[in-house]
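Work through the exercises below with the sequence and the model at hand. Each task is followed by a solution in steps.

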Amino acid sequence: MGRLGVRLAMAAVGLTLLAGYLAAAYLGYLGLYWLWANRPDLPTLVAIVVGVGIVSAYLSYRLGTSQLLAALETNRLPRSRAPGLHRRVDELAARMDVDRPDLFLTRAHAPNAVAIGGAERGALVLDRSLFRLLQPAELEAIIAHELAHLERNDGLLLAVVQGLSRTVVGLVTVALVPAILALSGLARGSAWLRGRPFDRSGPFARLRRLVLSAPMLLVVATTLLVRARSRRREFAADDRAASVTGNPEALARALKKIERAQEPAWPLAPLSSHRESESRIERWLSTHPSTDERIERLAEQAESRKQQRERRGEGNEGPTVIPIE
């Protein structure tokens, strides 16, 4: 077969690919058009989308709780082994709007405490190293911080937001399917027609990549919003713990000790730990604000409490000092 024959064969393949992709795109368009033509009224449609997102998020939240407990390889901590700790958790839960959570122990890569679930049927997972690392008042402050997350149902709210975002991203992706198929056919078909079947630098290929990036941009935007909200929840939990225990200094000391004990070699540490980072991207993706920022806020609260005691004429043992170095 000569050069002309090869070019004709490649052109035939290109036209076949183009026709196939365009036919698939047209069928996708017809399907979407039928769905749109038979859609319910707008309030009902919005209710269906929101309902599907919330239900899927709730199921994921409930299943994820048990899966997370299994993944952490936890062991239930019976009251007989730590009656003092159980008694203090009982007291803190009674002072907060939260059911008493089940207590679990784990042996993780770094000292940490995790609240799983919500205000009802929650669980509190403590790493064993916390008992060696923290003083009783510091451990109590960390527990109060985690109970604050349960009290606010932070886990459930996060799951709902993520579920709704997944639903929206899925709908956008489905809506873009005809355009993606058409652009795929134009990109591959034109490449064969040009005699360069593996070339992906043409205008249709670039436009296809641009369309494909739209759902990903939605995912990134949602992630940034969720992470920003998560950092605000950490501040709120700090405030609640300081209010319940009346000891912001203890929480500050505990945070600093936990930060120092973090394993920097752990690959996900910048995204979930409290360490300060120079990278703006890491700060955006972090679920926690920096420890220094949290300690500074707690120090301000301690100073404010000190001034209030002085105005009331209460005794003061001396200036409150939060060790940072």
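**Exercise 1. Place Val89 in the fold and list its contacts.**

Step 1. Val89 lies in helix H3, residues 83-95. Helices (H or I, at least four residues) and strands (E, at least two) are DSSP runs, numbered from the N terminus. The model is predicted: local features need pLDDT of at least 70, side-chain atom pairs count only at pLDDT 80 or more, and totals for chains, interfaces and linings use all residues. Residues are numbered from 1 along each chain as its sequence is written, and side-chain values use heavy atoms, with hydrogens and water left out.

Step 2. Val89 has a relative accessibility of 1% and so counts as buried. Buried means under 20% relative accessible area, exposed over 50%, and partly exposed in between (1.4 Å probe, protein chains only).

Step 3. Apart from neighbours within four places in sequence, Val89 is in contact with Arg100, Pro101, Leu103 and Ile143; contact means heavy atoms within 4.5 Å. For Pro101, the sequence separation from Val89 is 12 residues and the C-alpha to C-alpha distance is 8.3 Å.

**Exercise 2. Which residues form salt bridges with Asp90, Glu91 and Lys257?**

Step 1. Apply the rule: a side-chain nitrogen of Lys or Arg within 4 Å of a carboxyl oxygen of Asp or Glu. The count by this rule is 15 salt bridges.

Step 2. Asp90 pairs with Arg79, with 2.9 Å between the closest N and O atoms. Asp90 is in helix H3 and Arg79 in the loop between E1 and H3, so this pair ties together parts 11 residues apart in sequence. Both are partly exposed, Asp90 with a relative accessible area of 24% and Arg79 with 42%.

Step 3. Glu91 pairs with Arg88, and their closest N and O atoms are 2.3 Å apart. These two residues are 3 apart in helix H3, which means that about one helical turn separates them. Glu91 is partly exposed at 35%, and Arg88 is partly exposed at 26%.

Step 4. Lys257 pairs with Glu138, the closest N and O atoms being 2.9 Å apart. Lys257 lies in helix H8 and Glu138 in helix H5, so the pair ties together parts that are 119 residues apart in sequence. Lys257 is partly exposed, with a relative accessible area of 24%, whereas Glu138 is buried at 2%.

Step 5. Salt bridges with shared partners join Arg79, Asp90 and Arg100 into one network.

**Exercise 3. In what order do the 4 strands form the sheet?**

Step 1. The order is E1-E2-E4-E3, in an open sheet with mixed pairing. Two strands pair if DSSP finds at least two bridges between them.

Step 2. The edge strands, each paired on one side only, are E1 (75-76) and E3 (113-116).

Step 3. E1 and E2 (residues 102-106) run antiparallel and are joined by 2 bridges. Here Asn75 stands opposite Leu105 in E2.

Step 4. E2 and E4 run parallel, with 5 bridges between them. In this pair Leu103 stands opposite Leu124 in E4.

Step 5. E2 is mostly covered, since 4 of its 5 residues are buried.

**Exercise 4. Is Lys256 buried or exposed?**

Step 1. Find Lys256 in helix H8, residues 248-261.

Step 2. Lys256 has 9% relative accessibility and therefore counts as buried.

Step 3. Ile295 is 39 residues from Lys256 in sequence, and their C-alpha atoms are 8.0 Å apart.

**Exercise 5. Describe the backbone and exposure of Asn153.**

Step 1. Asn153 is in the loop between H5 and helix H6 (154-193).

Step 2. Its phi is near 55°, a positive value in a residue other than glycine.

Step 3. Asn153 is partly exposed, with a relative accessible area of 25%.

**Exercise 6. Give the totals for the protein chain.**

Step 1. Count the elements: the protein chain has 11 helices and 4 strands.

Step 2. The chain has 325 residues, and 36% of them count as buried.

Step 3. Take the contacts with a separation of 6 or more: 68% are between residues 24 or more positions apart.
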